[in-house]
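Notebook open, coffee poured. Today I am looking up the inner spaces, the cysteines and the nonpolar cores of this model.

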Amino acid sequence: MDVYNITKVTQFILIGLSDLPEVRYPLFVVFAIIYQITLLGNGVILLAIVTERKLQTPMYYLLANLSLLDIFCPSATVPNMLKNLLTEDHSISFVGCALQLYFLIALAGTEVFLLAVMAYDRYVAICFPLRYSLIMTKVRCVQLLFGTWAAGFLNSFIHTMATFSLSFCKSNSVNQYYCDIPPVVALSCSSTYMAEMLLLVIGSIFGVGAFLITLISYIYIVSTILKIQSAEGKRKAFSTCASHLLVVFLFYGTTIFTYIRPTSSQHSPGRDRLISMLYGVITPMLNPLIYSLRNAEVKGALRKVLHIRICSQKA
């Protein structure tokens, strides 16, 4: 009998991005730099929002939460991935794998809900500008933020419990550089029907629901912008939501490419692991660049923060 069929799994082995030293070390340097840029970029956005009173509005409170998520999400996977690129030990404990999956799914789910709330915020700002301050109050903003974080972590709790209540007695090699639901469920030697159905049903309700809110909000936004007579008015209206729209396209584009793209006859697990970097590492790095380059208020606040920092160092 195969030893995997009689031995209960107590730890998992994460398949790294590459086992070749000549590729591992350059990858370590590249992803270490990307991770540092991600932390620095999102940290600067947070600092600008906290220190600049003009940015302490619901729209920027939502952006601050997006920056927090873009710090936390790669931090759940990248440090361990960097360690694995330098060492021969790619193991992670059963509990460690469960915790990594829980926080990763919770943070990713929270971001899905947050993008929907940000789309609703832009919908109110553009379609009902005179009533914006009455609808998007600070209290309402806090309530929406609490709901997004609570929904994200509750959603992840359900999936994590369903995934790790399975029996694991086969190979313990996770075909990914972090613990994710599909590669972990694939290792189960018990029925995965319930876990897969929960993923499908809850994913459809929450994920599709959040996507529809985002989509419908932008349908109304575009419709309202097209009704504006002046070109300058259209430009100003579009500029208020252009950054968020780019972030939405980037998030859903990389997510679909990572998880929903069709399989091909030339399926390569190594290539899939590299593609997953788009969703887990590249997107969080690009988000602060998008907001800092396309948003005049954020650019102004960043200049002020950098000016104060330079002056303090000279003093």
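**Entry 1: the largest cavity.** I began with the helices around the largest cavity: α2 (58-75), α4 (94-127) and α10 (242-260) each give its lining at least two residues. I keep in mind that this is a predicted model. The volume of the largest cavity came out at about 90 Å³. I then looked up who sits closest to its centre, and among the 13 lining residues these are M59, M118, R122, H244 and Y291. Sorting the lining by class, I got 6 nonpolar, 5 polar and 2 charged residues. For the record, I count 3 cavities of 30 Å³ or more.

**Entry 2: the second largest cavity.** Next I went to the second largest cavity, at about 70 Å³. Which residues line the second largest cavity? I noted D70, C73, E111, F251, Y279, G280, T283, P284 and N287. By class I have 4 nonpolar, 3 polar and 2 charged residues there. Both α2 and α11 (269-294) supply at least two residues of this lining, and α11 gives the most, with 5 residues. I was pleased to meet α2 again, since noted, as a helix that also supplies at least two residues to the lining of the largest cavity.

**Entry 3: an open space.** I turned from cavities to pockets and looked up the second largest pocket, which has a volume of about 220 Å³. I found 11 residues in its lining, with L40, G41, P288, L289 and S292 nearest the centre. The elements giving two or more residues here are α1 (21-51) and α11. I wrote down 9 nonpolar and 2 polar residues for this lining, and no charged ones.

**Entry 4: cysteines.** How many disulfides does the structure hold? I found 1. The partners are C97 and C179, with their sulfur atoms 2.0 Å apart. I checked the torsion about their S-S bond: it is about -125 degrees, so I logged the disulfide as left-handed. The pair links distant parts of the chain, 82 residues apart, with C97 in helix α4 and C179 in the loop between β3 (173-174) and α7 (181-185). Buried or exposed, I asked of C97 and C179? Both are buried.

I also looked at C127, which is in no disulfide; its nearest cysteine sulfur belongs to C241 and is 9.5 Å away. C127 has 19% relative accessibility, and because buried means under 20%, C127 counts as buried. C141 is buried as well, with a relative accessible area of 1%.

**Entry 5: nonpolar cores.** Last, I looked up the largest nonpolar core and found 68 residues in it. F31, L63, L66 and M81 have the most contacts inside this core. The largest share comes from α4, with 16 residues. I picked L66 for a closer look and, leaving aside neighbours within four places in sequence, listed its contacts as E111, L114, L115, M118, V247, N287 and Y291. Some of these names were already in my notes: E111 and N287 line the second largest cavity, while M118 and Y291 are among the residues closest to the centre of the largest one.

Apart from the largest core lies another, of 19 residues, and I was glad to see C97 and C179 listed in it, along with V9 and A195. The disulfide partners are thus filed under this other core in my notes.

Methods. Residues are numbered from 1 along each chain as its sequence is written. This is a predicted model: local features need pLDDT of at least 70, side-chain atom pairs count only at pLDDT 80 or more; totals for chains, interfaces and linings use all residues. Side-chain values use heavy atoms; hydrogens and water are left out. On a 1 Å grid over the protein atoms alone, a cavity is a set of points where a 1.4 Å probe fits but cannot get out, and a pocket is an open set with protein on both sides within 12 Å along at least five of seven lines; lining residues have an atom within 4 Å of a point. Grid points are joined across faces, edges and corners, and a volume is the space filled by probe spheres set on the points. Helices (H or I, at least four residues) and strands (E, at least two) are DSSP runs, numbered from the N terminus. Ala, Val, Leu, Ile, Met, Phe, Trp, Tyr, Cys and Pro count as nonpolar, Asp, Glu, Lys and Arg as charged, and the others, Gly among them, as polar. A disulfide is a pair of cysteine sulfur atoms within 2.5 Å. Buried means under 20% relative accessible area, exposed over 50%, partly exposed in between (1.4 Å probe, protein chains only). A nonpolar core is a set of buried Ala, Val, Leu, Ile, Met, Phe, Trp, Tyr and Cys residues joined through side-chain atoms within 4.5 Å. Contact means heavy atoms within 4.5 Å.
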